[in-house]
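Please open the structure in the viewer and keep the sequence beside it. This tour proposes a series of selections and states what is found at each one.

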Amino acid sequence: MSKPAASSLPVSFEFFPPKTPEGVDKLAAVRQQLYPLKPEYCSVTYGAGGSTQDGTIQTVRAILAEGVDAAPHFSCIGATKASVKAQLEAFQADGIKRIVALRGDLPSGYGGFGEFRYASELVAYIREATGDHFHIEVGAYPEMHPQAKSPAADLQAFVTKVKAGADVALTQYFFNTDAYFRFVDEVTKAGVQIPIIPGIMPIINSTQLMRFSDACGAEIPRWIRTRLESFGDDKASIQAFGLDVVTELCEKLRAGGVPGLHFYTMNQAGPVKALCERLNLA
């Protein structure tokens, strides 16, 4: 298969904060392998109720120190306006200019929502407290948020979040391009004009992928699921097949004019590098 022409399509990467010193060293090495792809920025997740927030900020600081823009995930479940304001001030002091603003999940045993029930309220408060200081990314669900009451309610919630002051949306991963393009058409008709960047999940481990997908509502088409199941524990076959599938997905998205690609790296460099080389984004 011949390579496509070189493309300047922007890319960005998502990492999760390591929990051990060995993990910190490993992720630092992973980042150095991915930086030649010239990411626009890297985002760093954190857990329910901000359970890994210290690790998130430490990772964001390390990325900024390496000369790459970085965005912490920032969720509002269980938070107060005072705690959010204090965190925003800490972000500003660290030189952070980007935030991925999310509602987040309640940690188990947690009492209540706090002063924010929806990501739209967090976005509005960030704008109220800090003006245009932060470039705000928000989440989008082309196949519907798993907790949404209906597609129409999900669409309205997304529009409200964008109008509260979001700059860009990053989607949950998906394997059906029709879902993405239909979602973009629907929100555009509803007045949304910000870039909606598809989230891309490399296929590395089929068991893990199916568990994640069942939890977040991302559909794995039956033809992909059955092929993955047929490989059993053959990791090489799973990854080779996955590389073909996700490369084709990205080619269709690029042909459709997407504004960028946001890769869920799972803190691994190899699968993302292989994808970007296939797409001639290296």
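The tour begins with the sheet, continues with the helices on it, and ends with the nonpolar cores.

**The barrel.** Please note that this is a predicted model. Display the strands as a cartoon: eight of them close into a barrel in the order E1-E2-E3-E4-E5-E6-E7-E8, and the pairing is parallel. On average, neighbouring strands of this sheet are turned by 30° against each other, direction ignored.

**Strands E1 and E2.** Select residues 11–15, which form strand E1, together with residues 42–44, which form strand E2. These two strands pair in the parallel sense over three bridges. Within this pair, Glu14 stands opposite Ser43 of E2.

**Helices on the sheet.** Next, select helix H5, residues 151–163. Which strands does helix H5 touch? H5 packs on the sheet against strand E5 (135–140), strand E6 (168–173) and strand E7 (196–200). The direction of H5 makes about 180° with that of E5. Then add helix H6, residues 177–189. H6 lies across E5, E6 and E7 and runs at about 160° to E7.

**Strand E7 and its neighbours.** Keep H6 visible and select E6 and E7: these three elements make a right-handed β-α-β unit. E6 and E7 pair in the parallel sense over three bridges, and Ala169 stands opposite Ile196 in E7. Now add strand E8, residues 261–264, which runs parallel to E7 and is joined to E7 by two bridges. His262 in E8 is the bridge partner of Gly199.

Are the residues of E7 buried or exposed? Five of the five residues of E7 are buried. Ile196, Pro198 and Ile200 are buried on one side of the strand, and Ile197 and Gly199 on the other, so that both faces are covered.

**The nonpolar cores.** In soluble globular proteins, nonpolar side chains tend to be buried together. The largest nonpolar core here has 80 residues. Select Phe13, Phe74, Ile126, Phe158, Ile203, Leu261 and Phe263, the residues with the most contacts inside this core. Helix H9 (residues 235–255) supplies the largest share of the core, eight residues.

Centre the view on Phe74. Leaving aside residues up to four places away in sequence, Phe74 touches several residues, among them Tyr46, Val84, Leu88, Phe91, Leu102 and Ile126. Finally, select Tyr41, Ala71, Leu170 and Ile197, which are included in a second, separate core of six residues.

How values were computed
Residues are numbered from 1 along each chain as its sequence is written. This is a predicted model: local features need pLDDT of at least 70, side-chain atom pairs count only at pLDDT 80 or more; totals for chains, interfaces and linings use all residues. Side-chain values use heavy atoms; hydrogens and water are left out. Two strands pair if DSSP finds at least two bridges between them. Helices (H or I, at least four residues) and strands (E, at least two) are DSSP runs, numbered from the N terminus. Axes are lines fitted to C-alpha atoms, for helices over the stretch in contact, and angles run from 0 to 180 degrees between N-to-C directions. Contact means heavy atoms within 4.5 Å. A nonpolar core is a set of buried Ala, Val, Leu, Ile, Met, Phe, Trp, Tyr and Cys residues joined through side-chain atoms within 4.5 Å. Buried means under 20% relative accessible area, exposed over 50%, partly exposed in between (1.4 Å probe, protein chains only). A crossover is right-handed if, with the strands pointing away from the viewer, the path from the first strand over the helix to the second runs clockwise.
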